[in-house]
Amino acid sequence: MTAMSLPRILVTFCLLALVPATVLASGEGMHSLVRDIGICIVLAGLLAIVFVRMKIPEIAAYLLAGVVVGPVGAELVTDPANIETISELGLILLLYLIGLEIDIRKLLDSGRVLGVTGLLQYPLCVLFGVGVVKLLVWLGIGGDLLADGYAPLYVGFVMAASSTLLVVKLFQETFQLDTEVGRIALGLLIFQDIWAIGVIAIQPNFAAPSPVPILLSFLGIVVLAVLAVLIARFIIPIGFKWVAKRPEVVFAAAISWCFLIVLLGVNLDLLTNWVFSFDLHMSVGAEMGALIAGATIANLPYSTEIISKVSVVKDFFVTLFFVGLGMSIPMPEGGDVLMLACLFVVFALLARYVIFFPLLYFSGLDRRNAMVTSVRLAQMSEFSLVIGFLGVQLGHISDSLNSAIIFAFVITALLTPLLYRQADVIHDRLSGVLARLGFREPPSKEADEGETYSLALLGFHRITSSLLHDLKRDHPELLENTLVVDFNVNIHSKIASLGPTVKYGDLGNPETLHHAGVDRAQVIACTIPDDVLKGTTNRKLVAAARHVNPDAIIIANAIQLADSQALYEAGADYVFLQRVEAAHAVEEAIEHALAGDIDEHRSAVEARQGKWHLREEVM
């Protein structure tokens with residue numbers, strides 16, 4: 001497809017779409033739901049192709065598609081409720097997938113950081129938002145729109161929560177959901193969703209707030225979680241075992257489990273009414289029910305298969321979610337709405353720096369991870385749209401203020417991919433200011449003048465974790481003379497327990513290598529690929545290591561085939577590619593399989609390296 005043909009296709013589509021719905025549908029009797037979904041998907045897909053080509057986030061394409069087909073645009077969608085219903089399915093399936101990837105043990109390992117920040121961040125941000133509105137009114141800004149008595153409170157709610165949909169999608173795409181930042185971000189999102197559910201529960205009672213509805217909402221979540229755990233532990237494994245060899249049935253069973261828990265949570269009041277003969281108002285929202293459904297079967301051996309299959313369906317519905325959001329974008333009634341939306345965005349971003357970051361830092365997270373987590377959560381939540389909509393229905397805020405909230409959400413949604421990618425750069429640029437404000441990096445010990453190392457490992461991730469396990473088994477004496485330089489202080493104690501010397505250091509700063517003692521290492525290895533490294537690349541690391549230690553043997557990691565030559569030119573002595581190493585292992589397994597002795601080969605590998613699920617590694 002040429003660049004010139006894309007505009008022609010778009011124009012042709014728009015001309016066809018302007019034909020009345022009855023004409024398009026009369027020939028085949030097409031249902032309005034099918035037609036509306038078809039129009040949204042076609043336009044969203046075409047715009048996404050153009051936007052990706054222009055290096056604009058595809059989210060913008062989906063939102064624009066919604067504007068074009070919605071009431072503000074050409075009014076091509078006859079019933080916006082159709083798309084809203086379908087998009088809700090996307091949110092449910094996304095949260096189901098999030099639940100499947102939740103490792104409760106890893107979340108608990110975050111302990112104090114997650115507990116303190118999760119409990120305090122939301123209410124502090126609400127207070128921050130209230131203060132912002134008071135300041136704006138005092139300055140004479142947005143007086144008419146912010147005149148409603150509950151406006152400060154609603155602005156606080158908008159600024160307090162981040163988007164689960166956007167953030168988790170980006171973490172999944174970059175395979176960083178299991179990193180320290182990914183786990184902390186996911187944990188905070190769960191806390192925020194619980195806070196938001198509590199807000200929605202008491203919204204009708206703002207005039208006379210009572211803690212009872214909140215407690216009952218939390219009780220409903222606990223009851224649903226307990227029921228799901230019991231069923232998942234004693235019944236679900238049996239059913240999945242029956243259909244394990246039928247992947248299509250595994251998918252159907254997984255989806256049915258998701259909606260079983262969702263329906264059970266939504267109708268929990270009917271159950272309590274039947275058992276106790278009165279309504280306890282403990283019903284659980286569909287999104288939280290989906291999260292619980294996923295988390296309760298996350299440890300089943302079939303979870304990977306479920307994730308891979310549900311992801312395909314989820315992407316379809318999530319596309320419609322953003323198109324539906326685009327259809328809900330109103331026509332601005334005046335410049336005040338857009339100005340207020342921009343101010344909300346500015347103060348929401350500021351809240352991440354003055355509330356999120358200090359809480360994470362002082363509760364125990366190192367400076368870089370605290371800043372990166374805060375920046376990647378710098379957007380507004382889908383729940384803010386729900387809270388704003390209910391606020392209008394209850395007469396708490398005006399339609400104009402709700403429009404400002406919607407525009408603010410859209411702006412932060414468009415900024416999210418850029419902020420996600422630049423989070424480490426933002427930390428590096430602010431490092432001097434942060435240090436002067438008292439936010440310091442963990443102390444990096446100077447190497448003793450005569451201290452030398454046989455091996456220096458630059459950075460610590462999955463490959464390094466497995467490498468330490470193998471060295472402990474095959475060369476335990478080497479670990480006592482190994483140096484690990486990494487900025488994730490939360491795993492330093494686990495690494496040190498295996499024997500190596502661990503030092504904090506930002507690999508993006510060449511001075512770190514000298515001060516840590518890399519200049520006195522016999523062998524230097526970086527096993528982290530460029531797409532995981534932060535603030536540097538393997539090529540820069542090799543060049544810096546060669547500069548501080550001209551005599552060392554340097555081993556580096558390459559992703560692309562062409563990268564290997566560049567690394568050798570930078571000073572590497574050996575370059576490995578994970579894809580090539582993995583292909584060699586698979587080729588060897590295929591050869592044994594064709595020779596009819598795959599069982600013997602597996603036994604030999606397990607005798608040499610151990611069974612994968614029994615390996616005890618740092619990561």
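Which residue in S3 is the bridge partner of leucine 483? The partner is threonine 501. This report works through a predicted model, starting with the strands around that pair.

**Strands**

S2 covers residues 482–485. S3 covers residues 501–503, and the two strands pair in the parallel sense over 3 bridges. Leucine 483 of S2 sits on the side of the strand shared with Val485. Thr482 and Val484 point the other way. Both sets of side chains are buried.

S2 also pairs with S1, again parallel, over 4 bridges. Leucine 458 has valine 485 of S2 as its bridge partner. S1 runs from residue 453 to residue 458 and is joined to S4, residues 521–525, by 4 bridges. That pairing is parallel too. Here leucine 457 is matched with alanine 525 of S4.

S4 goes on to S5, residues 553–558, through 3 bridges, and these strands also run parallel. Isoleucine 524 stands opposite isoleucine 554 of S5.

**Nonpolar cores**

The largest nonpolar core holds 131 residues. Six of them touch the most other members: Tyr96, Tyr122, Leu146, Trp257, Phe322 and Phe344. Another core lies apart from it, with 28 residues. Its members include Leu507, Ile554, Ala556 and Ala572. Ile554 is thus listed in this core and also faces isoleucine 524 in the strand pairing.

**An enclosed helix**

Why is helix H9 described as largely enclosed by the rest of the structure? Of its 10 residues, 9 are buried, so the helix is largely enclosed. H9 spans residues 164–173. Its buried residues are Thr164, Leu165, Leu166, Val167, Val168, Lys169, Leu170, Phe171 and Gln172. Lysine 169 and glutamine 172 are among them. At the start of H9, serine 163 places a side-chain oxygen within 3.1 Å of the backbone nitrogen of leucine 166.

**Salt bridges**

How many salt bridges does a search of the whole structure find? The count is 7. Side chains of opposite charge can pair when their charged atoms come close. Three of these pairs are set out below.

| Pair | Closest N to O distance |
|---|---|
| Aspartate 424 and arginine 368 | 2.8 Å |
| Arginine 473 and aspartate 470 | 3.4 Å |
| Arginine 520 and aspartate 519 | 3.1 Å |

Take aspartate 424 and arginine 368, which form a salt bridge. This pair links distant parts of the chain, with the two positions 56 residues apart. Aspartate 424 is in helix H20, residues 399–436, and arginine 368 is in helix H18. H18 itself covers residues 367–376. Both partners are buried. Arginine 368 has a relative accessible area of 0%, so it counts as buried. The arginine has a further contact: its side chain and that of aspartate 428 are joined by a polar contact of 2.8 Å. Arg368, Asp424 and Asp428 are linked in a network of salt bridges.

Arginine 473 and aspartate 470 give a local example. Both lie in helix H21, residues 462–474, and they are 3 residues apart, about one turn of the helix. An α-helix has 3.6 residues a turn, so residues three or four places apart point the same way. Are these two partners buried or partly exposed? Arginine 473 is partly exposed, because its relative accessibility is 35%. Aspartate 470 is also partly exposed, because its relative accessible area is 23%.

In the third pair, arginine 520 meets aspartate 519. Aspartate 519 has a relative accessible area of 16% and is therefore buried.

**At the surface**

Which residues make the nonpolar surface patch of about 560 Å²? They are Leu219, Val222, Val226, Leu230, Phe234 and Ile235. Valine 222 belongs to helix H11, residues 211–234.

Is arginine 602 buried or exposed? Its relative accessibility is 53%, so arginine 602 counts as exposed. The residue is found in helix H28, residues 598–609. Its C-alpha atom is separated by 8.2 Å from that of alanine 589, and the two residues are 13 apart along the chain.

Terms used:
Residues numbered from 1 in each chain as written. Predicted model: local features only at pLDDT ≥ 70, side-chain atom pairs only at ≥ 80, totals over all residues. Heavy atoms only, no water. Core = buried A, V, L, I, M, F, W, Y, C linked by side-chain atoms within 4.5 Å. Buried < 20%, exposed > 50% of the residue type's maximum accessible area, 1.4 Å probe, protein only. Pairing = 2+ DSSP bridges. Patch = residues over 30% accessible without salt bridge, like charges linked within 9 Å, V, L, I, M, F, W, Y side chains within 5 Å. Areas by Shrake-Rupley, 256 points an atom, 1.4 Å probe, with all protein chains shown as cover. Salt bridge = Lys/Arg side-chain N within 4 Å of Asp/Glu carboxyl O. Polar contact = N/O pair within 3.5 Å; in protein donor to acceptor, adjacent residues only side chain to side chain.
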